[in-house]
Amino acid sequence: MSTFAKRERLLLADLLEAEGPEAPTLCEGWQTRDLAAHVVVRERRPDAAGGILIKQLASRLDKVMEEFAAKPYEELIQLIRTGPPRFSPFNLKQLDELSNTVEFYVHTEDVRRARPDWTPRELDPVFQDALWSRLERSARLMGRGTPTGLVLRRPDGQTAVAHRGTPVVTATGEPSELLLFLYGRQNAAEVELDGEKDAIARLHDTKQLGI
């Protein structure tokens with residue numbers, strides 16, 4: 001079984017360490033310290049991590065995030081590297097792959113692409129296929145709030161519908177870039193958008209992509 005999640009975890013930890021705690025990220029309002037705290041809380045504090053999805057728990061999540069962000073940065077990096085506690089569900093390899101491959105890939109790019117001199121990573125075809133598989137499963141959830149119809153298309157012609165509606169915009173790019181676009185990183189994703197000019201503008205500026 002592949003271990004993309006483990007590879008992306010280590011890449012993210014190394015990058016966060018190299019950039020230091022005050023580097024910018026693509027996550028609005030977050031520096032690298034905040035992003036590191038988010039990753040750790042998501043894996044180690046399920047009692048608070050629910051606030052990512054449930055608005056009623058958001059205040060608790062904010063409080064716990066502040067507590068972790070106040071820890072020594074080196075400690076946060078080590079917690080990311082070593083992974084979740086022994087009895088965490090994330091320790092199950094299958095769940096780790098399912099839940100963390102995209103999570104760590106996107107957050108690695110959040111750090112990389114916040115730099116002015118960033119260049120795209122060269123990803124192997126097997127990893128691109130793995131990202132496409134996850135994208136197909138999550139496309140409608142991530143694109144449910146878009147103001148237009150949205151079709152995702154790989155260069156080889158494979159497509160996935162993220163949102164049904166009119167007018168339709170087609171986003172074409174590698175799975176890795178389509179993922180970033182669908183996760184709300186429109187300005188950093190290298191995709192080509194086809195459709196009516198006004199629809200493209202609305203889709204590009206929407207805050208409704210992602211969770």
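# Working through a predicted model

Thr 108 is found in helix α6. Keep in mind that this is a predicted model. Grab the structure and try the exercises below.

## Exercise 1: a threonine in a helix

**Task.** Decide whether Thr 108 is buried or exposed, and find which backbone oxygen its side chain reaches.

**Solution.** Start with the surface. Thr 108 has a relative accessible area of 2%, and the cut-off for buried is under 20%, so Thr 108 counts as buried. Next, follow the side chain: it comes to 2.8 Å from the backbone oxygen of Phe 104. Finally, look at what surrounds it. Setting aside neighbours within four places in sequence, Thr 108 is in contact with Glu 8, Leu 11, Leu 12, Leu 15 and Arg 121.

## Exercise 2: a threonine in a loop

**Task.** Work out where Thr 25 sits and which backbone atoms lie by the polar atoms of its side chain.

**Solution.** First, place the residue: Thr 25 belongs to the loop between α1 and α2 (32-44). Then check its accessibility. The value is 12%, and because buried means under 20%, Thr 25 goes down as buried. Now for the polar partners. The backbone nitrogen of Cys 27 is 3.1 Å from a polar atom of the Thr 25 side chain, and the backbone oxygen of Trp 30 is 2.9 Å from a polar atom of that side chain. To finish, list the contacts. With residues up to four places away left out, Thr 25 touches Trp 30, Gln 31, Thr 32, Leu 35, Asp 110, Val 111 and Ala 114.

## Exercise 3: strands side by side

**Task.** Starting from β1, find which strands it is joined to and in which direction they run.

**Solution.** Begin with β1 itself, residues 149-153: four of its five residues are buried, so the strand is mostly covered. On to the partners. Five bridges join β1 to β3 (residues 168-172), and this pair is parallel. Another four bridges link β1 to β2 (residues 159-163), and that pair is antiparallel. Val 151 is a handy marker: it stands opposite Thr 170 in β3 and opposite Val 161 in β2. Further along β1, Arg 153 faces Thr 172 in β3.

Now carry on from β3. Three bridges connect β3 to β4 (residues 192-194), running antiparallel. Here Thr 170 turns up again, opposite Asp 194 in β4.

## Exercise 4: two backbone oddities

**Task.** Find which residue of the β1 and β2 hairpin takes a positive phi, and which two residues a cis peptide bond joins.

**Solution.** Recall the background: most residues other than glycine have a negative phi, and most peptide bonds are trans. Go to the hairpin of β1 and β2, with five residues between the strands; there Gly 157 has a positive phi near 100°. Then move to the loop between β2 and β3, where Pro 167 is found. The bond joining Thr 166 and Pro 167 is cis, with omega about -10°.

## Exercise 5: the second largest pocket

**Task.** Describe the second largest pocket: how much space lies in it, and which residues lie nearest its centre?

**Solution.** Take the volume first: about 210 Å³. Next comes the lining, made up of 15 residues, with Lys 6, Arg 9, Phe 90, Asn 91 and Asp 96 nearest the centre. Sort the lining by character and you get four nonpolar, five polar and six charged residues. Last, ask which helices contribute: α1 (4-19), α5 (73-82) and α6 (93-112) each supply at least two lining residues.

Conventions:
Residues numbered from 1 in each chain as written. Predicted model: local features only at pLDDT ≥ 70, side-chain atom pairs only at ≥ 80, totals over all residues. Heavy atoms only, no water. 1 Å grid on protein atoms, 1.4 Å probe; cavity = no way out; pocket = protein on both sides within 12 Å on 5 of 7 lines; lining within 4 Å. Points joined across faces, edges and corners; volume = space filled by probe spheres on them. Nonpolar A, V, L, I, M, F, W, Y, C, P; charged D, E, K, R; others polar. Buried < 20%, exposed > 50% of the residue type's maximum accessible area, 1.4 Å probe, protein only. Polar contact = N/O pair within 3.5 Å; in protein donor to acceptor, adjacent residues only side chain to side chain. Contact = heavy atoms within 4.5 Å. Pairing = 2+ DSSP bridges.
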